[in-house]
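Work through the exercises below with the coordinates open. Try each task before reading its solution.

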Amino acid sequence: MPRKNPRVEEADEKDLEVSGPKEWAAGMPGVLHSIQPALKHMGVSRTEKTLLALNQKDGFDCMSCAWPDPGHRKTFEFCENGAKAVTWEATPVVVASEFWAEHPVSELRQKPEYWLGMQGRLTEPVYKPAGEDHYRPVSWDEAFRILGDKLNGLASPDEAAFYTSGRTSNEAAFIYQLFVRAYGTNNLPDCSNMCHESSGWAMGQTIGVGKATITYDDFAKAQLIIIMGQNPGTNHPRMLTALEEAKEAGCTIAAVNPLPEAGLMRYKNPQKIKGIIGHGTELADQYLQIRVGGDMALLQAISKRVLEAEAKNPGTVLDHEFLGAHCQGLEDLKEHLAQLEEETVLEATGLRSDEIDELAARYLKADRVIITWAMGITQHKKAVATIKEIINLLLLRGNIGKPGAGASPIRGHSNVQGDRTMGIWEQMPPAFLDALGKEFDFEPPRERGLDAVQTIGKMRDGGIKVFAALGGNLVAAISDTHAAEAAMENTDLTVQISTKLNRSHTVTGKEALILPTMGRTEIDMQASGSQFVSVEDTVCAVHASEGKVRPVAPNLLSEVAIVCRLARETVAGRTSADWEGFEKNYDLIRDHISHVVAGCESYNDKIRQRGGFVLPNGPRDSRTFPTPTGKAMLTVNHLEHVERPAGTLILQSVRSHDQFNTTIYGYNDRYRGIKKGRDVVFVSPEDIAELGLSDGQFVDLHGVYEDNVDRVMRKLRVVSYPTAQGCAATYYPEANVLVPLDSVAEGSNTPASKAVIVRLEPSTA
């Protein structure tokens, strides 16, 4: 039975509690923090139906991350954050119809993300007319008419942009991009533009495939795993089990991260006795607390040491057979790295030479190496070049295309990789567009569309009149918060297809629509029967996902149904697509996917295999590299580390443990020792003293940029923390206000949110 929205307590900095950071992750606290909220908010029956089906072969895929599933699933194949994500979505609390009259948009805009989400599930379409400050419930027919009329009235299809979140299924993503291209534009920004776009660019240019070159089983076969810019204990905790399995098989683990993260140090597996009452498993054999932005210099320094070892013992260090047959660019790389100065490396990394020597020795000793990374690498100005250096290091000793070795970007959103496979990209290659046009008897647009950052810029300049989002929370997720909000307000109509309220529902165009959709946990019953969808995880494995509980309200539509009805309202007759049939039977969508998407032939048959199937990957499967030359490219990248003027720190944004992307589950970050608040900045004790501050003092953070715009975060409590000296950290998405829209990674255009120069001043708030 649906329940109405509850009263929600808001955080007050006076209640903030600070304790020391933890040195281990999970254990019994992880179990309690998984089950207690689920039972409280969903009840026993709904908890059992959801959590026992989470990540199971006949269940539904977790929406909280893209971590792959093992071949043999445990009964409890979920982590703490997965349980929180399910509880957040499957709650029976709903937003009542009278809510919209009681709360003007201007009031909702002042509420924090946590309060908005706690109001419950959205169950009816609502519309905010121009000049009014309230949403009001409307019928589905009226909602589609409003949107269809607005889209069909634009001077050009390029005056609209269509955003996508990684929670979208393969089926919904495929027909969404079909609808958008039938409408006439490639303006398909997505959440990948803000996270792993740098990985795709770097890997595409060097090995020809922008995806991981490993499988789940490779972790247990590796002899060395290097984890860079990543916090699996909070962002994808099930990875800790794979790391534990690797350690038990004899693997060495090195962690490279400015902050000490509990999940990289010790893991207490709650499904093992030693994880409940024992010490758990030590994970990182070496922990390098690198200066923010120093990863590129570290990688070059290790590659230089590898080349020097080969020079001392010719023919014994490099994988000459692999390099000769499959790679090019070695001589140029040798010449370039010979000029690398140790002093420059030490300044850029903040490390000692002996720490770098130790990691290089570990790399030289291991025959099978995996390097895995996340946003701590991808969200820098030199992110693409840094990832190219990861590929350089792997290629030197043949660590791509053999068991237990490879490149492993870890996607933090459930199906962000699948969305891209299905065509959600502003610059899909001609072969995909050719196949799409042939399949549906139309000519797709060929001009490059807008990515997320470009979309905000075009909105700001008045070039985007309609913005539609299939999931997500772009206004909170994107950089330069005030600029993004002003840009969104400059549109004529904003449309959000969502399960729960978030910031993007409160920062709107002149008109606004909210279209409520089913969650992944819910049974999707259509005219032909119960439907399932499919997703792709971070190691290219594709599997089915089918909800197990009744929808929280009878009026909800699935994402597929919403896209199909919108297409019928706007682009009917422009292609041979059977929009009505797609809504009734998702098998019809998968039949078309089989004909359009490479690697998805016989999709309906493959996806029904228990456990799904793995997409082909040339570098991984056969050491074939679909680059212009047919070989993997060793590249020369010019080092440029982050300069820190006197009196400033290098700030990175991080997630708390009670958080998934922009969704805030609560105000605690227990692994970092923060309780009942988020308004903190983590600073080393040495830097606190050097800056003349004190632990517990309130400060304002000012972004330091040449444009002289005063981007500031007010009244943050200084927390003395063992981070790398010269660096600081605070929470995302609040820190986005400090990042200019044009501060992006070279090549990928990803916001450079992990290297922000800030000045800390005593608070004036």
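A contact here means heavy atoms within 4.5 Å. The model is a predicted one.

**Exercise 1. Overall fold**

Task: Among contacts between residues at least 6 apart in sequence, find what percentage join residues at least 24 apart. Then assess how compact the protein is.

Solution:
- Step 1. Of the contacts between residues at least 6 apart, 78% join residues at least 24 apart.
- Step 2. Assign the secondary structure: 30 helices and 33 strands.
- Step 3. The radius of gyration is 25 Å, close to the 27 Å from the globule rule for 765 residues, so the protein is as compact as a globular protein of that length.
- Step 4. The C-alpha trace spans about 75 × 60 × 55 Å along the principal axes.
- Step 5. Turn to the surface. Buried residues make up 64% of the 765. The exposed area is about 26500 Å², with 50% supplied by carbon and sulfur atoms.

**Exercise 2. Aromatic pairs**

Task: Search the structure for aromatic pairs. Classify the pair Phe99 and Trp100, then the pair Trp140 and Phe144.

Solution:
- Step 1. The whole structure holds 18 aromatic pairs.
- Step 2. For Phe99 and Trp100, the centres are 5.2 Å apart and the planes meet at 85°. Planes over 60 degrees apart count as edge-to-face, so this pair is edge-to-face.
- Step 3. Check burial. Phe99 has a relative accessible area of 2%, and Trp100 has 1%. Buried means under 20%, so both residues qualify.
- Step 4. For Trp140 and Phe144, the centres lie 5.6 Å apart with planes at 25°, so the pair is stacked.
- Step 5. Place this pair in sequence. Trp140 and Phe144 are four residues apart in helix α6 (residues 140-152), which means about one helical turn separates them. Trp140 and Phe144 are both buried.
- Step 6. Follow the ring pairs outward from Phe99. They link Phe99, Trp100, Trp115 and Tyr135 into a cluster.

**Exercise 3. Charges over rings**

Task: Which ring lies under the charged end of Lys111, and which under Arg590?

Solution:
- Step 1. Lys111 places its charged end over the ring of Trp115, 4.7 Å from the centre. Trp115 also belongs to the cluster of Exercise 2.
- Step 2. Arg590 lies over the face of Phe532, 4.0 Å from the ring centre.

**Exercise 4. A serine in a loop**

Task: Is Ser743 buried or exposed?

Solution:
- Step 1. Locate Ser743 in the loop between β32 (727-731) and β33 (756-762).
- Step 2. Its relative accessible area is 16%, so Ser743 is buried.
- Step 3. List its contacts, leaving out residues up to four places away in sequence: Tyr705, Thr750, Pro751 and Ala752.

Conventions
Residues numbered from 1 in each chain as written. Predicted model: local features only at pLDDT ≥ 70, side-chain atom pairs only at ≥ 80, totals over all residues. Heavy atoms only, no water. Helix = DSSP H or I, 4+ residues; strand = E, 2+ residues; numbered from the N terminus. Buried < 20%, exposed > 50% of the residue type's maximum accessible area, 1.4 Å probe, protein only. Phe/Tyr/Trp six-rings, centres within 6.5 Å; stacked < 30°, edge-to-face > 60°. Lys NZ or Arg CZ within 6 Å of the ring centre and 35° of its normal. Rg over C-alpha atoms; globule rule 2.2 N^0.38 Å. Areas by Shrake-Rupley, 256 points an atom, 1.4 Å probe, with all protein chains shown as cover.
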